Amino acid sequence: QVQLVESGGGLVQPGGSLRLSCAASGIIFPLYNMAWYRQARGKQRELVATITVSRSTTYADSVKDRFTVSRDNAVNTAYLQMTSLKPEDTAVYYCNGHKRSSTTNYWGKGTLVTVSS
């Protein structure tokens, strides 16, 4: 069965750093484009960052130069390194996987990041 499991969320002060992980199982991980989304309270879910099978990356303007997305195919894991965190980064962060030419998106259950003093 396909499973994406996020970890690494928690409480951090403004200006701090946090690293999120997304462990994948049940898929041929190197064939999947991966993405991170987030949803803040009362807001729509938004795309934060993507990394393709070829390791091309994209970022939302709001996190560019602060967040870095990466992947390690050897351990079937995607990462989101977050630095210079702001209160507006507070959200539930979700991992997403999508294979080229497939209509199916796989989602993790999310991990909560709270940025507060």
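**Exercise 1. Determine in which sense strand 7 and strand 8 pair, and over how many bridges.**

Solution. Strand 7 (67-72) and strand 8 (residues 77-82) pair in the antiparallel sense over 6 bridges, where strands are DSSP runs of E of at least two residues, numbered from the N terminus, and two strands pair if DSSP finds at least two bridges between them. Within this pairing, Arg71 stands opposite Ala78 in strand 8. The two strands form a hairpin with 4 residues between them, and in the turn Asn76 has a positive phi of about 55°. The model is a predicted one, in which local features need pLDDT of at least 70 and side-chain atom pairs count only at pLDDT 80 or more, while totals for chains, interfaces and linings use all residues. Residues are numbered from 1 along each chain as its sequence is written, and side-chain values use heavy atoms, with hydrogens and water left out.

**Exercise 2. Place strand 8 in its sheet, and state in which order the 4 strands of the open sheet follow one another.**

Solution. On its other pairing, strand 8 is joined by 6 bridges to strand 3 (residues 18-25), and these two run antiparallel; here Leu18 stands opposite Met82 of strand 8. The open sheet has the order 1-3-8-7, with antiparallel pairing. Strand 1 (3-7) and strand 7 stand at the edges, each with a single partner strand, so one side of each is left without a neighbour in the sheet. On average, and with direction ignored, neighbouring strands of this sheet are turned by 15° against each other, the axes being lines fitted to C-alpha atoms, with angles that run from 0 to 180 degrees between N-to-C directions. Of the 6 residues of strand 8, 5 are buried, so strand 8 is largely enclosed by the rest of the structure; buried means under 20% relative accessible area, exposed over 50%, and partly exposed in between, with a 1.4 Å probe and protein chains only.

**Exercise 3. Find which cysteines form the disulfide, and explain why it is called left-handed.**

Solution. A search of the whole structure finds 1 disulfide, that is, a pair of cysteine sulfur atoms within 2.5 Å. Its partners are Cys22 and Cys95, with sulfur atoms 2.0 Å apart. The torsion about their S-S bond is about -75°, so the disulfide is left-handed. Because Cys22 lies in strand 3 and Cys95 in strand 9 (residues 91-99), the pair ties together parts that are 73 residues apart in sequence. Cys22 is buried at a relative accessible area of 0%, and Cys95 is buried with a value of 0%.

**Exercise 4. Classify the 2 aromatic pairs that a search of the whole structure finds.**

Solution. Rings of Phe, Tyr and Trp (its six-membered ring) pair if their centres lie within 6.5 Å, and planes under 30 degrees apart count as stacked, over 60 as edge-to-face and the rest as tilted. The ring centres of Tyr32 and Tyr106 are 6.2 Å apart and the planes stand at 50°, so this pair is tilted. It links distant parts of the chain, with Tyr32 in strand 4 (residues 32-39) and Tyr106 in strand 10 (residues 105-107), 74 residues apart. Tyr32 is buried at 8% relative accessible area, whereas Tyr106 is partly exposed at 28%. For Tyr37 and Trp107 the centres are 4.9 Å apart and the planes at 55°, so this pair is tilted; Tyr37 in strand 4 and Trp107 in strand 10 are 70 residues apart.
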